[in-house]
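This report describes a protein chain and its ligand, moving from the overall fold to the enclosed and open spaces and then to one residue in a loop.

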Amino acid sequence: MTHEIEALQNAADKSSRDLGGPRQPLLTVRNLLKHFPLKGELFQFDKSKRSVVRAVDDINFDILKGETLGVVGESGCGKSTTARVLMQLIEQDSGELIFDGETVGSRALPLREFRRQTQMVFQDSYSSLNPRMTIEDSIAFGPIVHGVSSRIAITRARDLLSRVGLQPERFAGRYPHELSGGQRQRVNIARALALEPRLVILDEAVSALDKSVEAQVLNLLQELKQEFGLTYLFISHDLNVVRFVSDRVLVMYLGQVVEIGLSAQVFDHPKHPYTHALLQSMPSMDPTQRTTVAPLSGDPPNPINPPGGCRFHTRCVYAETICSQRAPAFAVDDAGHGVACLRHEPDSGYRAASELPPTLKVSHV
Ligand code: SF4
């Protein structure tokens with residue numbers, strides 16, 4: 001595992017140079033593990049005998065200051081659980097979060113302060129807002145809880161409303177049900193910014209919006225990132241959107257990180273067969289680029305009892321016997337592109353790796 005952490009640090013260091021200069025990690029995730037016991041198993045006193053869903057299984061990565069790190073993977077791969085653990089909405093079983101050099105939950109960085117500096121925007125814009133509070137009060141609520149005077153908090157709420165494109169005189173006194181989905185998501189973004197965070201986690205934040213509204217909100221997020229010096233963790237199942245917004249991309253499969261790299265590296269030259277299959281499933285507007293190969297077969301295996309060796313071997317078209325016997329280590333190339341696949345591991349026993357076929361060229365949103 002130490003080797004994997006070093007490899008990931010190398011990946012982050014090398015990628016940061018390509019992002020316009022050395023960048024320090026804002027959030028460092030080390031050996032993060034979150035398992036959920038199955039119903040009825042909580043009373044099994046011997047923890048080693050409990051059946052658990054391995055939602056997040058010992059993952060490591062860095063989020064660099066000022067970047068947008070996209071996270072992709074199929075449903076159930078652990079994206080949203082990772083986001084909730086990073087926000088400390090649920091507690092990890094083990095592992096460490098280091099925010100700007102300080103351990104989260106330590107005396108130097110208590111949870112309350114970490115939660116102020118890290119905010120989240122959820123997919124469901126309606127259930128994220130209190131239906132009994134006006135928009136203005138919803139935005140001002142967080143700062144007031146953190147000790148800001150209500151007069152200053154309300155003034156700031158109105159400024160933020162106007163910054164996200166909603167006129168305060170029209171919208172401040174409205175209730176969530178009086179707004180459209182796009183307007184509500186703008187309110188949620190304003191509410192996330194009210195506490196002046198440094199890291200914003202966007203968990204499928206634009207997935208429920210119409211395409212035209214989605215594009216507007218994405219552009220707004222880009223503008224706000226520049227204006228407020230934010231760092232984003234952008235989780236989405238929409239690969240086109242992830243490609244549009246992300247500086248780097250992290251790919252998850254069955255609770256583990258299988259590939260990480262600059263957006264261009266991952267999208268144009270994927271190394272992991274799973275990433276390649278995901279990209280092949282991206283819809284293309286160009287009829288000449290349509291794939292005839294079924295990109296991925298079957299459902300992901302049961303996360304309660306994941307396959308041994310490489311977890312992807314039950315679906316991988318490149319799998320060999322060694323793949324079911326040995327879990328791949330994380331390897332990073334000179335350009336900072338990291339992958340966990342025996343094809344890319346020297347001396348792993350896998351036969352000489354052949355190149356993956358080229359991925360579809362897809363247009364940006
Ligand atoms: Fe496929 Fe083997 Fe690589 Fe796993 S280690 S992704 S099974 S080639």
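## Fold, cavities and a buried serine

The protein chain has eleven helices and twelve strands, and the coordinates come from a predicted model. Of its 365 residues, 50% count as buried. Among the contacts in the protein chain between residues at least 6 apart in sequence, 69% join residues that are at least 24 apart.

A search of the whole structure finds three cavities of 30 Å³ or more. The largest cavity has a volume of about 80 Å³, and this is where the ligand sits. Its lining is made up of H272, P273, C310, C316, Y318, A319, C323, C341, L342, R343 and Y350. Around the ligand itself there are 13 residues, of which C310, C316, C323, C341 and L342 come nearest; these five residues also appear in the lining of the largest cavity.

The largest pocket, an open space rather than an enclosed one, has a volume of about 500 Å³. The elements that give two or more residues to its lining are α3 (111-117), β6, α4 and α7 (181-193), and α4 gives the most, with six residues. The pocket is lined by 23 residues in total, of which Q119, F141, G142, R191 and L195 lie nearest its centre.

The table sets out the residue classes for the ligand shell and for the two linings.

| Site | Nonpolar | Polar | Charged |
|---|---|---|---|
| Shell around the ligand | ten residues | two residues | one residue |
| Lining of the largest cavity | nine residues | one residue | one residue |
| Lining of the largest pocket | 13 residues | seven residues | three residues |

A closer view of one position links some of the elements named above. S125 is found in the loop between β6 (118-121) and α4 (135-145), and both of these elements are among those that give two or more residues to the lining of the largest pocket. Is S125 buried or exposed? With a relative accessible area of 9%, S125 is buried, because the cut-off for a buried residue is under 20%. When residues up to four places away in sequence are not counted, S125 touches G181, R184, Q185 and N188. These four contact residues fall within the range of α7 (181-193), an element that is also listed for the lining of the largest pocket.

Conventions:
Residues are numbered from 1 along each chain as its sequence is written. This is a predicted model: local features need pLDDT of at least 70, side-chain atom pairs count only at pLDDT 80 or more; totals for chains, interfaces and linings use all residues. Side-chain values use heavy atoms; hydrogens and water are left out. Buried means under 20% relative accessible area, exposed over 50%, partly exposed in between (1.4 Å probe, protein chains only). Contact means heavy atoms within 4.5 Å. A residue is near a molecule or strand if one of its heavy atoms lies within 4 Å of it. On a 1 Å grid over the protein atoms alone, a cavity is a set of points where a 1.4 Å probe fits but cannot get out, and a pocket is an open set with protein on both sides within 12 Å along at least five of seven lines; lining residues have an atom within 4 Å of a point. A molecule sits in a cavity or pocket if more than half of its atoms lie within 2 Å of its grid points. Ala, Val, Leu, Ile, Met, Phe, Trp, Tyr, Cys and Pro count as nonpolar, Asp, Glu, Lys and Arg as charged, and the others, Gly among them, as polar. Grid points are joined across faces, edges and corners, and a volume is the space filled by probe spheres set on the points.
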